[in-house]
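Notebook open, coordinates loaded. I want to look up how the inside is packed, how the strands connect, and whether any backbone angle stands out.

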Amino acid sequence: MTGQLAGRTIFITGSGGVLGSTYVRRMLDQGARVVATDLPGHRAEALQAAHAGNAAFRFYDLDVGDEAQVTEIFKRVLADGWEPNVVLNNAAITGEMLMGAGKPFPDFADTSVADFERTLRTNLTGAFMVARQMDRDIVGRWPATLINVASMYALNGAHHPIYDGMPFKNFSAYGVTKAGIHGLTVWLAGYWAPRGATVNTIAPGAVFNNHSEEFQRRVGELIMMGRMAKPDEIADAMLFLCSAGAGYMTGQLVNVDGGFSAW
Ligand SMILES: NC(=O)c1ccc[n+]([C@@H]2O[C@H](COP(=O)([O-])OP(=O)(O)OC[C@H]3O[C@@H](n4cnc5c(N)ncnc54)[C@H](O)[C@@H]3O)[C@@H](O)[C@H]2O)c1
């Protein structure tokens, strides 16, 4: 197989979402073998249906917040003959997903510890557990790279007024976890370098997913390029980070946000 990702076997969490499913399609197009994982459900089913019969695609159920599942996952993947050399910590729970679509979104003063900690469990502890398992089962056996997914709301605060009257808001725990995941990146980058593994963070900007015209206008005013991203525009940068061409990059945070973070 030829392509930008020939020779790459890419393991990805939360792969049935808007961005994950785009990454999977583009990675397969570029010659990668893809080990996709997600929670069981409609997203996972749609992804499996889209790539059924593709010998370069394999799917496993995985809840990244479940320590027993994460501890077993690479052992199962390796036993099945797949040797990941790229791992993506892509799974995340958003505030909207946590509350359930249509349910009123709590103000900061009403945010429960349980909701805050559930977000931490998936977005941060889950990413740590996947990285720890990568350390145990992969790092040092062959050159490998980990890509942690942050957000434009990792090191920049959310612009709260743009959510006024919208059915969704930005949830405090989300930004906390997205800042924290870059801490994991820089900590691991130095720790793994002697064993031939690199770690970087990608921070996507606001990705269009059927948002209202009013929301697009409000968020667009905060972005130098004046508009939300297409999923494929985030995938372009993700594919580079997964490729051999990114071999001398480690410990970096790559913003793909149309200039949002530069203003
Ligand atoms: N879409 C955006 O605008 C945007 C912007 C910045 C960052 N991001 C980040 O990009 C990544 C992908 O986002 P997306 O837009 O595709 O979101 P999405 O909500 O469409 O997909 C997230 C996926 O994570 C999975 N997931 C949730 N909890 C899980 C768990 N416990 N175990 C395993 N999987 C779990 C979901 O099932 C889903 O498939 C996330 O880390 C997100 O925070 C997205």
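**Core packing**

I started with the largest nonpolar core, which has 31 residues. Phe11, Phe74, Val87, Met134, Leu146 and Trp192 have the most contacts inside it. I'm keeping in mind that this is a predicted model.

Next I checked which elements feed this core. Helix H3 (67-79), helix H5 (113-137), strand S5 (144-149), helix H6 (172-192) and strand S6 (197-204) each supply at least two residues. H5 gives the most, with 5 residues.

I then pulled the contacts of Met134, skipping residues up to four places away in sequence. Met134 touches Phe74, Val87 and Trp192, and also Val139, Ala144, Thr145 and Leu146.

Another core lies apart from the one above, and I count 30 residues for it. Ile202, Val207, Leu241 and Cys242 are among them.

**Strand pairing**

How do S2 and S3 run relative to each other, parallel or antiparallel? They run parallel: strand S2 (residues 33-38) is joined to strand S3 (residues 57-61) by 5 bridges. I found Asp38 standing opposite Asp61, which sits in S3. Tracing the chain from S2, I went through helix H2 (residues 42-50) to reach S3, and this β-α-β crossover is right-handed.

**Backbone check**

Most residues other than glycine have a negative phi. Asn210 is not a glycine, yet I get a positive phi of about 60 degrees for it. I located Asn210 in the loop between S6 and helix H7 (213-220). Is Asn210 buried or exposed? Asn210 is exposed, with a relative accessible area of 67%.

Methods. Residues numbered from 1 in each chain as written. Predicted model: local features only at pLDDT ≥ 70, side-chain atom pairs only at ≥ 80, totals over all residues. Heavy atoms only, no water. Core = buried A, V, L, I, M, F, W, Y, C linked by side-chain atoms within 4.5 Å. Buried < 20%, exposed > 50% of the residue type's maximum accessible area, 1.4 Å probe, protein only. Helix = DSSP H or I, 4+ residues; strand = E, 2+ residues; numbered from the N terminus. Contact = heavy atoms within 4.5 Å. Pairing = 2+ DSSP bridges. Right-handed = clockwise from strand over helix to strand, strands pointing away.
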